[in-house]
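Hi,

Here is the structure I promised to pass along. Have a look first, and my notes follow underneath.

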Amino acid sequence: MSLAFQNVGHSYGDLRVLSGVTLEARSGEILCLLGASGSGKTTLLRLAAGLENLQEGGIFVDGALIAAPGRDLPPEKRSFGMVFQDHALFPHLTVAENIAFGLAKRPKEEVRAVVAQRLASVGLAGFEDRYPHTLSGGQQQRVALARALAPSPAAMLLDEPFASVDVTLRRALREEARLALKEAGVVTLVVTHDPVEAMEIADRIAVMERGRIAQCATPEELYAKPASALVASLFGDAQRFPAIVRGGIAVTAYGEVPVSGFAENSRAEVILRPEAVSLAAPREGERSFRIGDIRFLGRDWLVLMMCEASEAQEPLRARVTSPEGFAVNERAAIRFDPAGTFVFPA
């Protein structure tokens with residue numbers, strides 16, 4: 001089973017929200033649509049669900065056309081399971097009745113077995129007789145996931161499914177949801193604006209920017225080989241700094257990065273991850289920076305480096321395994337690890 005978009009475009013009046021989107025979620029895969037508000041990710045999900053009429057391109061399930069301009073299959077005939085951030089459970093029905101809602105035409109024994117199986121898959125075995133108002137937000141979201149999976153849908157569509165859940169519970173809920181979805185083997189499309197959530201739940205991530213796919217790849221590929229400044233800046237608490245290229249060097253307020261393929265005096269953007277920034281005692285004549293703050297983060301320490309030449313420049317973040325040898329208001333030299341340093345045209 002696969003869910004594919006071919007050259008999909010969409011506008012709301014004069015506002016262009018999707019342009020030439022071609023993307024495929026493969027059988028058994030969790031594909032995440034990641035992007036800021038207005039990037040088009042939710043519109044793409046609504047088009048897949050049939051909640052918006054397709055204006056341009058085509059949408060296919062296993063090669064069969066389900067949407068094209070003027071030929072939209074109704075949502076109820078698409079056999080998609082949907083989960084939204086507001087849960088949308090029926091308050092007057094028990095947990096079991098909520099999950100069984102889409103199974104009305106099946107034998108009662110089969111329904112009971114499916115309900116029990118789906119509840120067990122989301123860690124809620126024994127909750128059949130509870131009502132939604134007696135559950136926590138995380139439990140309600142797990143019931144919503146179990147209900148969507150119960151009819152064995154052709155695809156699962158999840159729109160910001162964990163946004164309304166307490167931040168302390170999100171990681172556990174994401175893990176449970178991923179395990180349940182992988183166990184079901186259903187193709188899944190997840191919308192989120194959270195890069196950490198995308199990396200934790202997805203097999204591949206499609207980064208969206210201004211209605212287009214900026215890059216679609218595995219989390220590992222996006223992290224190590226980003227195709228644009230936007231993609232590079234999304235992951236690893238990265239920072240973006242302006243630079244000017246002179247003599248094959250991108251010169252930033254905090255140091256220099258070797259580059260190739262840039263014109264002399266062209267503008268560039270340097271993306272730096274904190275783990276790619278190392279600090280050392282300055283050598284004689286080496287440029288140094290003042291340490292503005294040191295904070296303990298658990299596994300390592302965050303050191304903020306200050307640019308005294310420009311008050312408008314934000315502090316550079318460095319992560320070190322030990323603060324030994326460093327102190328606030330003392331000076332240190334900055335060096336960059338190429339593995340976490342990226343340069344793109346500005």
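Let me start with the charged groups: Arg 171, Arg 174, Glu 197 and Glu 200 are joined in a network of salt bridges. Bear in mind that this is a predicted model.

One pair from that network is Glu 197 with Arg 174, whose closest N and O atoms sit 3.3 Å apart. This pair ties together distant parts of the chain, with Glu 197 in helix H6 (residues 195-201) and Arg 174 in helix H5, 23 residues apart. Are these two buried or exposed? Both Glu 197 and Arg 174 turn out to be buried.

Over the whole structure, the search turned up 20 salt bridges. Two others I looked at:

- Arg 112 and Glu 109 form a salt bridge with the closest N and O atoms 2.0 Å apart. Both residues lie in helix H3 (residues 108-121), three residues apart, which is about one turn of the helix. Arg 112 has 49% relative accessibility and therefore counts as partly exposed, while Glu 109, at 55%, counts as exposed because the cut-off for that is over 50%.
- Asp 293 and Arg 295 meet through their side chains in a salt bridge, at 3.1 Å from N to O. Asp 293 is partly exposed at 27% relative accessibility, and Arg 295 is partly exposed too, with a relative accessible area of 39%.

Now to the helix packing. The axes of H4 (residues 137-149) and H5 (residues 167-184) come within 11 Å and cross at roughly 10°. Angles under 35 degrees count as roughly parallel, so H4 and H5 are roughly parallel to each other. The contact between H4 and H5 is made up of seven nonpolar, two polar and two charged residues. On the H4 side you will find Gly 138, Gln 141, Arg 142, Leu 145 and Leu 149. They meet Leu 173, Glu 176, Ala 177, Ala 180, Leu 181 and Ala 184 in H5.

One more residue in H4 caught my eye, Gln 140. Its relative accessibility is 18%, so Gln 140 counts as buried, the limit being under 20%. Which backbone atom does the side chain of Gln 140 reach? That would be the backbone oxygen of Pro 132, at 3.2 Å. Setting aside neighbours within four places in sequence, Gln 140 is in contact with His 87, Leu 89, Pro 132 and Leu 135.

Cheers

Definitions and conventions. Residues numbered from 1 in each chain as written. Predicted model: local features only at pLDDT ≥ 70, side-chain atom pairs only at ≥ 80, totals over all residues. Heavy atoms only, no water. Axes fitted to C-alpha atoms, helices over the stretch in contact; angles between N-to-C directions. Helix = DSSP H or I, 4+ residues; strand = E, 2+ residues; numbered from the N terminus. Parallel < 35°, antiparallel > 145°, perpendicular 65-115°, else oblique. Contact = heavy atoms within 4.5 Å. Nonpolar A, V, L, I, M, F, W, Y, C, P; charged D, E, K, R; others polar. Buried < 20%, exposed > 50% of the residue type's maximum accessible area, 1.4 Å probe, protein only. Polar contact = N/O pair within 3.5 Å; in protein donor to acceptor, adjacent residues only side chain to side chain. Salt bridge = Lys/Arg side-chain N within 4 Å of Asp/Glu carboxyl O.
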